[in-house]
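Could you walk me through this model and show how each label is earned? I would like the value and the cut-off side by side.

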Amino acid sequence: MHEECFGEGPFTFRLNDAGSGPQLLTQVCLERGWKEYNLDSGDQWNLWWKASGFPANYHRNLYSWQYINHIPKGSSICRKDNLVRHLRCMKKIYGNIYDFSPHGYNLPVEYTKLAAECNKPRTMNAKDQSEGYFDANPIWICKPVAQSQGRGIFLFRNLSELNYDTNTIVQKYIERPLLIGGYKFDLRLYVCIPSYHPLTIYMYREGLARFGTDKFTLNDLRNPFRHLTNSSINKLGPGYAEMKDRVGSGCKWTLKQLRRYFRQAGISDWLLWQKISVLVVLTVLSQVPQVPPTSNCFEFFGFDVLIDHLLKPWLLEVNLSPALGNDCDADQSVKKPMLHDLFDLLGLPLYNTGLSVFSIWNEDFKENNRELCANKNATLSVMNAAGRWRKKQRQKSARPKSSSRYKPKSPSKPKIRKQKSENKDSSHWGNGKDWTIGPKREGGWIKLCPFNERTQFYSYLEKGSAKQIVCQLTKWMRSAKEIAKTHPHASECQLNEFLAKDVELMGEVWIPPI
Ligand code: ADP
C-alpha cells in the first residue's frame, strides 16, 4: 500500500457536527493510525464525517483520495415525511410486500385525510385485530419531521388532542409491541450503502435492542419512559439504573443478548430476521431512482425497527447519523468493531500505530467492561478487522488490477484535481472501488443486495430493475416462510442452507450472532 494514494501526509479524518456522541468514532479513527484534521490543514483530509448532509454539488470537488459519509440525494428516506411518501408509493405499485410501515399521514398537507379517518365510525375488523389493536379508536403517535431523539413526540386517541405547529407525521401507534419483562423495546440496525449504482447494501450482524424504562401500558399514554425507546430519553429516566424484570439495569442489549433471551423463552426468531433483511432492502430501493451515480462517498444508516407481539417487524425510521456515543457496555462491544469493520469494508487504511490493535482494544476494554471481558469474541472482532485488512492489502498488491465491469454512461465523477503527490493508480478506494464485485462479507458486514445473480444483474438499475428486485425479494420471503413452516425443528444452519439453495444465494444469510 502506497501512502501517497491517500494524498499528502498521514491519512487524516475530519469530524464536524458528527452527531450525538462521536467519541467512539474518534477512538476508532485514532486506533487506525489516522490523524485528526485541524483547520490549518486546508483541504488535506481523507475522510470527512458529518451528521448532516453535504451541500449539493460538494462531491464534485473531491480529490480522488477524499471520501465523505453522505451520498448526494442518498438519504431522503431519513426524513420521516419522505419515508412515509416513498413507502406508500412503493406499496401502491408493489402491494403488500411493502406492508411494514405503520399507516401514516403527513401534516399539515394530509390533515383532512387524517380527520376523515379519525371521524369515520369504526368497528374492529379482522386486520385490526390481527395487528393487535384493542379498540375501534386506535392510538396515534405524532412525530415532528425535523426532530430526532424522541423530541416533540406524543400519543393521542382523539383528534381534539392533536396539537402541532410544524411539519409532522401522525402514524398509527403499534399498540401491542413484543415486551420483555413488561418493557417495550426496538432494534437499532446498522446499514451501509457504499454504492447506489450498482445498488449495494450491507447490514451489520450485531446491533442494539433499546428498552423503555417504565413498564408498558396503554392506560398511561403520557409517560415517555413507557412508550418511547430512545436511549437519549431513557438514560435520563428514573428507571434507568434500576434492576428491571428480565431486562436488568440500563436500557440496552446487544442483539446477541436478545437472541439468547429468545432462545430461553422458546421464541423461534429465524423468520423474523429474514423479514427484517427484506424490509431493509425494500426501504432502500424506494429512494434509489433519485440518486445519481457518484463515487468517493457512502451512506451509513441506523434503521429503527419495532417487533410486535406476532413477531412482525415494523420500520419506524431511518437515521442519517446513528448515535456513536458510548453509554454502556453494549455500545462499546457493538459500535467499535462495527466501525472498524465499516472502514475495512470501504477499503480505508489501517496504519501501524506502534501499539497493536489488540492491546489498544484490550486495555480499553478491560478498564470499561469487566463483565464483558469473559467474552473473548468481542476482542477478537477488532483483531480480526486489523488482520483481515492487512491480508487483503497483501493479496491486492499481489493481484493484477481488475477492470471495472460497470461503466456509468455519463457519470458525474468527482473532479480529480492534479496534485504532485497524487498517485495515478487510485484503485484502492473511491473511484477505483468496484462494487460490482464487492465482498460478500467484511467482518460483521453482510451483503444484503445483490444477493444472487439475478439481483446482481438488476443492481445496475436499468428500467424495470426495481420490479425484478422486488420479485426476487418476494421469492425470498415466500421461501423463508415456507422453510420455517415445514422445518420447525431444523437448526439455524440448516434453515440458512435451505434458504440459500432456494434463492440461489451467492453469499450468506444475514442473521445476528447467537
Ligand atoms: P425519533 O427520530 O425522535 O427517534 P422515532 O420515529 O424513532 O423518532 O420514534 C421514537 C420512538 O417512538 C421509537 O423509538 C419508538 O419507541 C416509538 N415509536 C415511534 N413510532 C411508533 C409507532 N408507530 N408505534 C409504536 N411506537 C412508536
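Here are some questions and answers about the labels used for this structure.

This is a predicted model, so local features need pLDDT of at least 70 and side-chain atom pairs count only at pLDDT 80 or more, while totals for chains, interfaces and linings use all residues. Residues are numbered from 1 along each chain as its sequence is written, and side-chain values use heavy atoms, with hydrogens and water left out.

Q: Why are H8 and H13 called roughly antiparallel?
A: Happy to start there! The axes of helix H8 (residues 270–285) and helix H13 (residues 465–486) cross at roughly 175° and come within 10 Å. Axes are lines fitted to C-alpha atoms, for helices over the stretch in contact, with angles from 0 to 180 degrees between N-to-C directions. Angles over 145 degrees count as roughly antiparallel, and H8 and H13 therefore earn that name. Helices here are DSSP runs of H or I with at least four residues, and strands are runs of E with at least two, numbered from the N terminus.

Q: What makes the contact between H8 and H13?
A: Contact means heavy atoms within 4.5 Å. Among the residues involved are Trp270, Leu271 and Gln274 of H8, and Ile469, Leu473 and Trp476 of H13.

Q: How do you know that S3 and S4 pair?
A: Two strands pair if DSSP finds at least two bridges between them. Strand S3 (residues 47–50) and S4 have 2 bridges, in the parallel sense, so they meet the cut-off. Leu47 has Tyr67 in S4 as its bridge partner.

Q: What makes S2 and S4 edge strands?
A: The open sheet of 4 strands runs in the order S2-S1-S3-S4, with parallel pairing. Strand S2 (35–36) and strand S4 (67–68) each pair on one side only.

Q: What makes the ligand's approach to Gly150 a polar contact?
A: A polar contact is a pair of N or O atoms within 3.5 Å; within protein, one must be able to donate a hydrogen and the other to accept it, and residues adjacent in sequence count only if both atoms are side-chain atoms. An oxygen atom of the ligand is 2.6 Å from a polar backbone atom of Gly150, and a ligand nitrogen atom is 2.9 Å from one of Ile174. Another pair joins a ligand oxygen atom to an N or O atom in the side chain of Asp186, at 3.0 Å.

Q: What is the omega of the cis peptide bond between His197 and Pro198?
A: Omega there is about 0°. Pro198 sits in the loop between strand S10 (183–196) and strand S11 (199–211).

Terms used. Angles under 35 degrees count as roughly parallel, over 145 as roughly antiparallel, 65 to 115 as roughly perpendicular and the rest as oblique.
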